[in-house]
Amino acid sequence: MPEESILTDDFLHELMSVGEVDLLVGVPTYNDAASIGQIVQAIRAGLVKYFPRQRAVIVNADGGSQDQTQELVRAASINDLQQAPSPHALRTLHSISARYGGGPASGRGLYAILAAADLLHSSACAVISADSTNIEPEWIAHLLQPVCRDGFDLVTPVYHRHKFDGLLLRNLVYPMTRALYARQVREPYPSEFAFSGRLATQIFGQEGWAEEAEQDGAKLYLTISAITSGFKLAQALLGNKTRAQSNPPADVVDALREGVGPLFLSLDHYPAWRSNAPSEPVPIFGGRPELTLDPLRINRKRLYDLFRSGVEELAPLLNSIVSRSTLRELQQLASREEQDFCYCDELWVRTIYEFAASYHRAVINRDHIIQALAPLYRGRAYTFLLENRDSQGEEVERNVEALCLTFEKFKPYLEDLWDGRR
Amino acid sequence: MWDKFVVELSQATQEIIRNLAQFLPRLLVTLITVVIGGLAAWVIEVIVRSVLRLVKFDRLSDDAGASQFLRRTALPSSTELLSRFVFWVAWIGFILVGVNVLGIVGLEPHISKLVAYLPRLVAAVCLIFFGLLAASFFSRAALLAAVNAGSPSPKLISSAVRTLITVLSVSMAFEELGLAEQTVLIAFGLIFGALLFGLALAFGLGGQELAKRFLEARFAHPKQREHEDELSPL
């Protein structure tokens with residue numbers, strides 16, 4: 001979709017009424033009435049407390065909510081001004097809410113915020129997810145200060161998470177992004193993040209970004225674009241990761257579409273992944289993230305059953321995606337009893353790289369390739385849960401690090417597959 | 001007597017020569033039509049092949065799983081197959097036009113019918129081809145959706161989808177060709193009805209408990225539907 005259809009007249013009109021700003025905080029929304037008021041108030045409090053001298057604006061890019069999300073954004077801003085006059089604020093804090101065109105999509109929301117950052121010449125910009133009900137005013141400082149004070153271009157978050165939260169992130173998205181693009185970004189698909197005006201201008205000016213915005217995973221493309229273009233990266237600890245009660249955990253297939261599809265597709269768009277540089281750490285501001293170990297009720301048996309039935313039922317389909325030897329190993333794995341089951345790092349990495357190469361060659365419909373990965377991911381998640389059942393945080397981190405190193409070690413295997421040498 | 005015989009013979013010879021004189025140019029025109037038709041068909045084939053490559057028809061065919069089927073049966077790629085088909089249809093059309101020029105008595109109506117039938121043949125072949133593509137694509141989509149939803153019989157669902165779409169496209173092709181229209185229509189109706197009736201019976205009687213659980217989960221307590229193991233993947 002061309003940019004004109006995302007940036008509606010209404011949106012541009014709202015932006016023009018603001019004028020130039022120093023800081024911009026964007027909140028993409030779609031039917032988030034339950035949480036948006038609280039989020040806007042926390043953002044306002046953060047801006048007033050930590051950036052009193054800067055000209056700032058909160059931009060709510062809405063996808064066409066039907067539940068009065070926009071009205072709540074406007075009301076929250078007004079109420080906040082009336083009830084809590086800010087003693088520290090030296091500048092006017094604008095707050096606008098406008099709809100972007102083309103219907104609700106996270107990529108379009110991000111594109112509208114990037115456009116706003118570019119058009120208002122803001123030097124730093126943060127994006128806050130409307131799901132983040134536990135947001136604190138300090139988040140704004142943690143995200144924006146590395147950009148304003150230390151000259152970083154992209155700040156991604158790190159959170160204190162439960163050791164079994166974000167399994168796809170820890171078993172695939174993080175290790176593979178790290179192996180391919182040589183930067184240790186823990187959350188390459190961030191919910192909250194900040195970026196410099198320079199990065200916003202470069203991304204907004206890039207040919208084809210309006211089209212990228214149409215696809216799932218625009219946030220992942222932003223991270224990869226920043227890495228491959230040599231921008232300065234940092235991470236900021238934001239506290240605990242929780243999500244709004246109204247949003248249940250995402251379906252695995254949807255999560256694979258959002259996180260893994262764009263990652264596979266990025267291999268076609270960013271040839272920089274072929275560099276053999278070892279991965280470099282990215283500085284973390286605000287302390288080290290920790291894993292929480294509270295007991296969690298998880299239906300492991302279901303994961304195991306879905307892996308077994310998936311391998312059995314999809315064998316002819318998997319045959320056209322992975323190599324014969326990998327399929328044979330998967331079938332052997334599927335025939336094992338629960339207690340002997342282990343989808344080891346090496347086999348998992350080979351499976352993923354073979355899926356990525358098949359995705360590149362589009363051996364079948366690409367969405368079908370991603371869907372066919374779901375049962376295998378469940379098998380891997382089962383092994384992760386089993387392996388780390390009694391592990392403390394450090395041990396879990398060691399296991400994730402070992403997986404990352406396996407992804408890096410097997411990168412030549414992916415290159416061979418890519419070039420048709422295997 | 002002899003003179004009359006000679007006259008008749010010379011008249012017959014002249015008749016043959018006259019007929020030959022009339023026929024030879026027509027034969028020549030026929031041959032030229034066939035040769036030029038062959039060349040024109042080849043040009044059309046090249047154009048069709050280029051257009052299909054331009055629109056990445058093989059990718060579409062890969063997506064739908066038709067390429068795998070063609071490879072298994074040692075047939076060329078979809079683009080190649082379709083462009084060759086167009087070549088033969090075009091050339092046969094030219095050959096029929098050429099044969100028509102010969103003016104053979106009794107052959108003309110049949111040739112006209114055959115020429116008029118060619119577009120319907122092309123349409124029928126296209127219907128079957130795209131029907132098989134759609135059957136392959138949607139049956140695979142159904143298989144994946146059923147596997148990922150943890151359904152008890154993913155292959156049965158997938159086969160049912162494939163059979164339905166294949167039967168539908170073959171019926172439409174037969175209707176286009178005008179072959180046994182009524183029979184095909186009735187047969188299709190019977191198969192389609194039987195399939196749905198069978199599924200309804202299997203779901204309602206054989207899987208009473210399953211149906212009950214499904215309907216309860218879907219409509220009675222929509223908020224309590226099980227999500228992916230209470231874990232957030234991202």
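**Figure 1. A:Pro28 meets its bridge partner, A:Ala61, in strand S2 of chain A.** The model shown is predicted: local features need pLDDT of at least 70, side-chain atom pairs count only at pLDDT 80 or more, and totals for chains, interfaces and linings use all residues. Residues are numbered from 1 along each chain as its sequence is written, chains are lettered from A and ligands numbered from 1 in the order in which they are written, and side-chain values use heavy atoms, without hydrogens or water. Strand S1 spans residues 23-29 of chain A, and S1 and S2 pair in the parallel sense over 7 bridges. Two strands count as paired if DSSP finds at least two bridges between them. Helices (H or I, at least four residues) and strands (E, at least two) are DSSP runs, numbered from the N terminus.

**Figure 2. Strand S2 of chain A, residues 56-62, is mostly covered.** How many of the 7 residues of S2(A) are buried? The count is 7 of 7. Buried means under 20% relative accessible area, exposed means over 50%, and partly exposed lies in between (1.4 Å probe, protein chains only). One side of S2(A) carries A:Ala56, A:Ile58, A:Asn60 and A:Asp62. The other carries A:Val57, A:Val59 and A:Ala61. Both faces are covered.

**Figure 3. S2(A) also pairs with strand S3, residues 93-99 of chain A.** These two strands run parallel, and 7 bridges join them. A:Ala56 stands opposite A:Leu93 of S3(A). On the S1 side, helix H3 (residues 33-50) completes a right-handed β-α-β unit with S1(A) and S2(A). Right-handed means that, with the strands pointing away from the viewer, the path from the first strand over the helix to the second runs clockwise.

**Figure 4. Two residues of chain A other than glycine have a positive phi: A:Gln68 and A:Ala182.** Most residues other than glycine have a negative phi. For A:Gln68, phi is about 65°. This residue sits in the loop between S2 and helix H4 (69-83) of chain A. A:Gln68 is exposed, at 51% relative accessibility. For A:Ala182, phi is near 60°. Its loop runs between helix H7 (167-181) and strand S6 (183-184) of chain A. Is A:Ala182 buried or exposed? A:Ala182 is buried, with a relative accessible area of 8%.

**Figure 5. A:Cys342 and A:Cys344 are not bonded.** A disulfide is a covalent bond between the sulfur atoms of two cysteines. Here the term is applied to a pair of cysteine sulfur atoms within 2.5 Å. The structure holds 0 disulfides over all chains. Why is A:Cys342 without a bond? The closest cysteine sulfur, in A:Cys344, is 5.7 Å away, so it is too far for a bond. A:Cys342 is partly exposed at 33% relative accessibility. In chain B, B:Cys126 is partly exposed too, with a relative accessible area of 27%.

**Figure 6. B:Thr79 lies in helix H4, residues 78-101 of chain B.** B:Thr79 is buried, at 3% relative accessibility. Its side chain joins that of B:Asp58 in a polar contact of 3.0 Å. Such a contact is a pair of N or O atoms within 3.5 Å; within protein, one must be able to donate a hydrogen and the other to accept it, and residues adjacent in sequence count only if both atoms are side-chain atoms. Leaving out residues up to four places away in sequence, B:Thr79 touches B:Arg49, B:Leu52, B:Arg53, B:Phe57 and B:Asp58. Contact means heavy atoms within 4.5 Å.

**Figure 7. Helix H1 of chain B, residues 2-54, holds B:Glu45, and helix H4 holds B:Val86.** B:Glu45 is buried, with a relative accessible area of 9%. Beyond four places in sequence, B:Glu45 touches B:Glu80, B:Ser83, B:Arg84 and B:Phe87. B:Val86 is partly exposed, at 24%. Which residues does B:Val86 contact, apart from neighbours within four places in sequence? They are B:Ile44 and B:Val48. The C-alpha atoms of B:Val86 and B:Arg49 are 9.5 Å apart, across 37 residues of chain.

**Figure 8. The two chains in outline.** Chain A has 18 helices and 11 strands. Of its 422 residues, 57% are buried. Chain B has 8 helices and 0 strands. Of its 234 residues, 27% are buried. The accessible surface (Shrake-Rupley method, 1.4 Å probe; for residues, only the protein chains shown count as cover) is about 16,600 Å² for chain A, with 47% from carbon and sulfur atoms. Chain B exposes about 15,100 Å², and carbon and sulfur atoms supply 72% of that.
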